[in-house]
Amino acid sequence: MAHIHKSNWELIKNGIFAENTIFRMAISLCPSIAVTNSLKNGFSMGVSVIFVQVMVNLTVSLIRNFVNPKIRIPIFMMVIAGYVSIIDMTMAAFARPVYKQIGLYIQLIVAFASIFARAEVFAVKNKVVSSFSDGLGMGIGFLLAMIIISFFRELFGRGALWGFPIVSGNPLLIMVLPAGGFFAVGLLMGFFNWVDMKLAERKGTSVS
Amino acid sequence: MSLEDVHCKTEFSKGDAGAKMTAKDMLKITVNLVVIYIIGGLIIAFVYAKTSPIMFKKAEEEKKAALMTMIPEADKDGIQSIGKWEPHHKHAGYYVAKKGNEEIGYIIEGFGKGYSSYINVLVSVDKNFTVKKVSILHHAETPGLGDEIEKDYFLKRFENKSVDNLVVVKGETKDKVEAISGATISSRAVTEDAVRNGVKMLKEKLSIGVKDGSHS
């Protein structure tokens with residue numbers, strides 16, 4: 001897969017819809033379950049991932065002509081670990097309340113399949129602006145997934161959103177526990193697949 | 001020996017279509033890798049140098065603010081560290097609270113082994129080692145069950161308790177500490193482990209008898 005001839009706008013849309021990390025590619029699911037127990041956490045994680053994804057794509061694309069293919073994996077690791085360290089330290093210094101909740105998970109971004117995959121599949125073979133757009137699309141798609149999942153989990157599991165109580169009454173506690181995370185992601189994935197099916201039917205094309 | 005030869009031959013025959021790596025290639029790759037890692041390391045070190053002083057300063061301020069809320073009557077700079085201890089092999093400190101020249105109480109940081117985490121607490125006591133306030137600094141107990149330890153209704157149960165009464169009881173009780181239903185382990189971790197051991201430790205360290213003559 002050499003140059004991908006898509007416009008930048010198409011690349012961004014691709015990352016949000018067609019190749020959405022969580023709901024389509026089903027990779028980097030760990031944070032989609034661990035950090036989505038509240039809207040604030042899910043949102044903060046999503047924003048951090050956008051930063052890392054975009055910067056990694058940019059950097060890898062910038063140095064792609066100086067990277068010997070034989071050692072591209074340790075080089076990707078250095079770039080990813082570098083940006084994760086930067087955002088980890090910045091958050092610890094300037095966004096402490098959020099950092100207390102999700103600091104542990106920020107450090108795990110180094111192991112995200114999605115960031116590594118985009119570097120390997122796209123950034124190392126494409127121009128800087130395209131790689132930027134691809135990273136941005138993937139990051140935004142991830143953020144939207146986080147927001148949607150956290151929205152439902154916090155609303156049903158705690159009766160609140162962003163810490164503010166919304167509904168009273170006994171919440172469905174399981175939604176903020178890991179099992180609930182699995183349920184939420186699975187149900188939402190099924191929902192989006194169903195939506196796709198319906199859209200394709202209306203257009204008259206078949207879907208795989 | 002011959003078996004090793006076979007292995008070596010197999011290794012070399014894999015790879016880019018028979019192209020062997022010359023020493024020059026290996027040198028180029030090594031330099032490539034070292035340069036990138038040095039640059040990356042320098043960038044990380046730079047960001048660390050800029051952000052870590054801010055981070056440490058903020059952590060200190062947060063700790064100070066937390067301590068101030070434990071004994072509000074104390075002077076603004078009246079809370080001083082008087083020692084360190086290691087409950088469950090974790091670093092914790094204890095402090096004296098002063099108002100003017102008078103010592104009006106103590107604050108102890110403690111740790112208790114909870115259901116799914118070590119629970120970090122602050123306990124303030126008066127001069128008779130009666131508990132005034134307990135607050136939870138950090139925990140990772142079960143949401144909806146163990147995490148009720150953060151709630152006021154539970155923390156109020158510690159007010160005016162002496163060491164002997166820092167015992168968890170299921171169901172209503174007047175002088176002991178009532179457990180959170182469905183979270184006995186977390187309740188015990190806070191009451192009998194973190195708080196009680198902290199107060200006991202301070203009593204021993206200071207070796208001061210209780211003013212009204214009763215003893216633990």
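Two residues are in contact when heavy atoms of theirs lie within 4.5 Å. In this predicted model, Ile109(A) is by that criterion in contact with Met45(A), Ser48(A), Val49(A), Val52(A), Ile80(A), Val84(A) and Ile115(A), leaving aside neighbours within four places in sequence.

One of these partners, Ser48(A), lies in helix 3 of chain A, residues 39-62. Its relative accessibility is 1%, so Ser48(A) counts as buried, the limit being under 20%. Besides Ile109(A), Ser48(A) touches Ile87(A), Met91(A) and Ile106(A), again not counting residues up to four places away in sequence.

Ile109(A) also belongs to the largest nonpolar core, which has 39 residues; Ile109(A), Val52(A), Val56(A) and Val60(A) have the most contacts inside it. Two or more residues of this core come from each of helix 3, helix 4 (72-94), helix 5 (96-107), helix 6 (113-121), helix 7 (128-158) and helix 8 (178-203) of chain A. Helix 4 of chain A contributes the most, ten residues. Another core lies apart from this one and has 31 residues, including Val121(B), Val125(B), Val131(B) and Ala194(B).

Chain B holds an open sheet of five strands in the order 1-2-3-4-5, with antiparallel pairing. Its edges are strand 1 (79-85) and strand 5 (131-138) of chain B, each pairing on one side only. On average, neighbouring strands of the sheet are turned by 20° against each other, direction ignored. Strand 1 and strand 2 (residues 92-99) of chain B run antiparallel and are joined by six bridges; Lys84(B) has Gly93(B), in strand 2, as its bridge partner. Helix 4 of chain B (residues 184-206) packs on the sheet and touches strands 1, 2, 3, 4 and 5 of chain B. The direction of this helix makes about 135° with that of strand 3 (102-113) of chain B.

Methods
Residues are numbered from 1 along each chain as its sequence is written. Chains are lettered from A and ligands numbered from 1 in the order in which they are written. This is a predicted model: local features need pLDDT of at least 70, side-chain atom pairs count only at pLDDT 80 or more; totals for chains, interfaces and linings use all residues. Side-chain values use heavy atoms; hydrogens and water are left out. Helices (H or I, at least four residues) and strands (E, at least two) are DSSP runs, numbered from the N terminus. Buried means under 20% relative accessible area, exposed over 50%, partly exposed in between (1.4 Å probe, protein chains only). Two strands pair if DSSP finds at least two bridges between them. Axes are lines fitted to C-alpha atoms, for helices over the stretch in contact, and angles run from 0 to 180 degrees between N-to-C directions. A nonpolar core is a set of buried Ala, Val, Leu, Ile, Met, Phe, Trp, Tyr and Cys residues joined through side-chain atoms within 4.5 Å.
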